[in-house]
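Hello,

Here is the model we talked about. Please open it alongside this note.

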Amino acid sequence: MKPKGVINWFVILAILVGFCLPGGCEGEPRGDEYRVEQTAMVRLIELYGVTEKRILQAMNKVRRHLFIPASYRWRCEPYGDHPCPIGYGQTISQPFIVAYMTWKLNPQKGEKVLEIGTGSGYQAAVLAEMGVDVYSIEIVKGLFEHAQAALAAEGYETVHLLRGDGYKGWPEYAPFDAVMVTCAPDSVPPKLVEQLKEGGRMILPVGSWNQRLVILRKKKGKIVQEEDLPVRFVPMVHE
Ligand code: SAH
């Protein structure tokens with residue numbers, strides 16, 4: 001073969017490998033091709049101060065790249081400590097924030113936790129991996145379907161999913177031990193407080209531009225609320 005022919009074949013091969021590396025080619029067995037990056041991500045979360053083993057173990061297990069829709073995977077380093085686009089103008093949360101909110105909410109094995117904003121399904125998978133009984137609501141049909149498929153493919157069929165408006169909560173399954181909201185309302189949605197058990201906890205970002213994480217507890221029917229980190233989440237929209 002002429003040298004030019006060899007170079008052409010080399011270029012074609014490089015392009016094919018380039019396409020396949022980020023997420024694995026369609027039809028290939030889906031392995032652990034991001035093991036090094038995933039380990040580094042978990043190490044970073046630990047260095048940033050979330051040291052609870054069960055959270056780190058769950059985040060070391062759940063394969064974040066498979067929760068980012070395939071067509072978006074190449075645009076973003078899936079194990080970098082940043083949000084990634086997942087379509088419909090939405091994002092999968094930054095890994096440190098996933099770990100931090102989980103740590104602050106402190107969900108226990110067997111507890112019933114309501115998540116508002118399923119998005120990619122990643123946070124739901126992390127909670128399920130910790131043995132939590134997860135109920136998650138997503139308003140965007142396309143994301144609801146994506147999360148449903150991704151969770152099933154990764155073996156998290158026990159996560160209960162609903163396509164609907166998170167402001168209404170999920171009264172059929174209330175009360176919940178804990179509620180985690182992963183989109184930002186302007187104020188704490190009253191229905192979600194109502195659906196919290198006595199002694200229950202809730203964590204959510206509140207605000208439009210300047211958002212704060214709010215941690216809330218229901219104690220003897222009263223609400224005790226504290227403000228935490230400044231954050232940036234997508235808005236919680238009304239249907
Ligand atoms: N927890 C997600 C991050 C989701 S981003 C993950 O791990 O990937 C926030 C999500 O909240 C988006 O998917 C958005 O569509 C959804 N959302 C916004 N308003 C909502 C509402 N009123 N009810 C339910 N979901 C809502």
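Below are the notes on one strand and one helix.

This is a predicted model, so local features need pLDDT of at least 70, side-chain atom pairs count only at pLDDT 80 or more, and totals for chains, interfaces and linings use all residues. Residues are numbered from 1 along each chain as its sequence is written, and side-chain values use heavy atoms, with hydrogens and water left out.

**Strand 3**

Helices (H or I, at least four residues) and strands (E, at least two) are DSSP runs, numbered from the N terminus. Strand 3 covers residues 112-116, and four of its five residues are buried, so the rest of the structure largely encloses it. Buried means under 20% relative accessible area, exposed over 50%, partly exposed in between (1.4 Å probe, protein chains only).

Strand 3 pairs with strand 4 (residues 133-138) in the parallel sense, over five bridges. Pairing takes at least two DSSP bridges between the strands. Ile116 stands opposite Ile137 of strand 4. Strand 6 (residues 176-181) also runs parallel to strand 3, joined by four bridges. There, Leu114 has Val179 as its bridge partner.

**Helix 2**

Helix 2 spans residues 35-47. Its buried residues are Gln38, Met41, Val42 and Ile45. They fall within an arc of 95 degrees seen down the axis, so they line one face of the helix. The arc is that of the directions from the helix axis to the C-beta atoms. Their cover includes helix 3 (53-61), helix 5 (95-105) and helix 6, with contact meaning heavy atoms within 4.5 Å. Exposed Val36 and Leu47 sit on the face turned away from the buried side.

Best wishes

Terms used:
The expected span of a helix is 1.5 Å times one less than its number of residues.
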